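This report introduces the binding sites of one protein to a reader who has not met it before. Please look over the sequence and the structure before reading on.

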Amino acid sequence: MCRPGQIHWCDGSREEYDRLMAAMVQSGTAVPIARRPNSFLFRSDPSDVARIEARTYLSTIYPEDAGPTNNWIDPAELKKTMTRLYEGCMKGRTMYVIPFSMGPIGSPLAKIGVQISDSAYAVCNMHIMTRVGTRVLEALGTDGEFIPCLHSIGAPLEPGQHDVHWPCAPIEDKYISHFPEENLIWSYGSGYGGNALLGKKCLSLRIASSIARREGWLAEHMLILRLVSPEGRTYHIAGAFPSACGKTNLAMLRPTLPGWTAETIGDDICWMKIRPDGRLHAINPETGFFGVAPGTSRASNPVAAEMLKENAIFTNCALTDEGDVWWEEIDGPVPQHLTDWKAWDWSPDSDEPAAHPNARFTAHIRQCRSAIKDWEDPEGVPIDILLFGGRRSAAVPLVFEAFHWDHGVFLGASASSESTAAILDQVARVRRDPFAMKPFCGYNMGDYFRHWLEMGDRLGGKAPRIFYVNWFRKGSDGRWLWPGFGENCRVLKWMCDRVDGKVGAVETPLGLMPSEGDLDLSGLSIPPADLEELLRVDPDVWKAEYFDIEVFFDQFGSHLPNRLDAELKAFRDRLRRA
Ligand code: OXD
Ligand code: MN
């Protein structure tokens, strides 16, 4: 169907990576970064800079199975449209066959995929983000199960036709399609990130969440972190936050409290299964980080800054005259001249940022100084604490704990975050992003809530405790009230103390909050008024939130579990009494 010029079976070797990179440097697609050994910059087409939710589809026989938060097209119709696009789409290009494993090869939690792609950029990124190559084929054998992933950038090359530096299809021809009833992924027209690295959002979240529902486990948009107390007690934390809310920074946390340490397990995706000990165990199915570059610095994330010194891929970052990558809020003074992500001259007077706001880095987990040693451990880690949250400049306090599992599911289901508007001074818009899974849930979100409730029933007394956090509350003067980053360990410590029954809590309409003095603020000079505001619950503001949640839940109709409706009513009653 795709009619490629040639076919290349990926063996996953270093030599293969180097050869593909060298060819992309030669063709002008990749720019070597002089200041960072074995690192390369890619500049995408301006139409192809992010995941495109409007062109992402969940194609099930019945629209109800995709639910109101997904774009639905009938599978027969979608396949017909896409088959027409795929006809001859790889003409003049190489078809790469990429066998890959999400999760350690052979782990009871792992899943194998085979991606077919005409993008060498996708192959190199997959090398970093997943386990690629011959050893995966060996594990698959002749009768193993795999998830087929078809990807084309949608830009055939006719003989003699000049190639562009980032070929892709126009927006209206881009399709990122999922057929969960067949465990099948078809992506067409985009070479960027989650649209092209099909192991990530497409397989590990959308398809995996639908498999997980059938098989009784969880595939989540969560970071995974190990926290170790000064006494050597280990806590494992998994946290769901929408994109660009600090998951990578939290995953690479450097605790400021003396004696506490943290280790990184994953920054984006978490697969959790109930193991024979009755607890929820988690693995990170990925092997690398595809992180947002702007905002990353030695101050905000020293671990990431060090991780990116070599062997990294950069996409849509700016370039300095000295031959280094640059992005907004990186360390040091702003250079007087840069080459921006579109390869144009840039100066501090320019109206637009030098790096695209969704510019990315790709780096392997073995380069991450804080990564756990046993990141290949097939058994995963037992989760003690689950976090939900988002970016909210008002209303939502720093931290509160769910009263019980069903309430925790309610907190996840009603989670919200602000997307700061592109236009300055426009009021930030709040969007409900349940479990940070709105763009990634592979089935009806109402059924997803039910699945979470049922997982709680199975876990019983061994269920992790659930907390909600907001690092982003601002004062009336627009200042961040909480220092964030490494100081977030103080909030996590309170959670650990709650798990161990060491501290009490105050009951509020939202949940259980720290009693005065229970948050360890030693060595931190935070004005008492700021702390008060950080933990304030305003019942009037929350009445408006309540109505917003009610409207949001309404769209799920009969798919909304009664138990979640009961939690909503209990919340209303608590607000009435407040
Ligand atoms: C995202 C990502 O957009 O991880 O969530 O890339
Ligand atoms: Mn993500």
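How many Å is an oxygen atom of ligand 1 from an N or O atom in the side chain of arginine 360? In this model, which is predicted, the separation between that ligand oxygen and the side-chain N or O atom of arginine 360 is 3.0 Å. Taken alone, ligand 1 exposes 210 Å², and the protein buries 90% of that area.

## The surroundings of ligand 1

The residues that surround ligand 1 are Arg51, Lys201, His221, Ser243, Asp268, Arg360 and Phe440. Sorted by class, this shell consists of four charged residues, two polar ones and one nonpolar one.

Besides arginine 360, two further side chains can be described in the same terms. In serine 243, a side-chain N or O atom is 2.6 Å from an oxygen atom of ligand 1, while for histidine 221 the corresponding value is 3.3 Å.

## The manganese ion

Ligand 2 is a manganese ion, and its coordination comes from Lys201 through NZ, His221 through NE2 and Asp268 through OD, at 2.1 to 2.2 Å. Along the chain, these donors follow the spacing K-x19-H-x46-D. Lysine 201 belongs to helix α7 (residues 199–215), whereas histidine 221 sits in the loop between β11 (218–220) and β12 (222–228), and the two are 20 residues apart. Lys201, His221 and Asp268 also appear among the residues that surround ligand 1.

## The second largest pocket

The second largest pocket has a volume of about 540 Å³. It is lined by 23 residues, of which Met24, Arg93, Asp118, Ala120 and Asp163 are the closest to its centre.

At least two lining residues are supplied by each of α1 (14–27), β5 (94–102) and α4 (120–129), and the largest share, five residues, comes from α1. By class, the lining of this pocket holds eleven nonpolar, eight polar and four charged residues.

Conventions
Residues are numbered from 1 along each chain as its sequence is written. Chains are lettered from A and ligands numbered from 1 in the order in which they are written. This is a predicted model: local features need pLDDT of at least 70, side-chain atom pairs count only at pLDDT 80 or more; totals for chains, interfaces and linings use all residues. Side-chain values use heavy atoms; hydrogens and water are left out. A residue is near a molecule or strand if one of its heavy atoms lies within 4 Å of it. A polar contact is a pair of N or O atoms within 3.5 Å; within protein, one must be able to donate a hydrogen and the other to accept it, and residues adjacent in sequence count only if both atoms are side-chain atoms. Accessible areas come from the Shrake-Rupley method with a 1.4 Å probe; for residues, only the protein chains shown count as cover. Ala, Val, Leu, Ile, Met, Phe, Trp, Tyr, Cys and Pro count as nonpolar, Asp, Glu, Lys and Arg as charged, and the others, Gly among them, as polar. On a 1 Å grid over the protein atoms alone, a cavity is a set of points where a 1.4 Å probe fits but cannot get out, and a pocket is an open set with protein on both sides within 12 Å along at least five of seven lines; lining residues have an atom within 4 Å of a point. Grid points are joined across faces, edges and corners, and a volume is the space filled by probe spheres set on the points. Helices (H or I, at least four residues) and strands (E, at least two) are DSSP runs, numbered from the N terminus. Donors are N, O and S atoms within 2.8 Å of the metal (3.2 Å for Na, K and Ca); water is not among the atoms, so sites may look incomplete.
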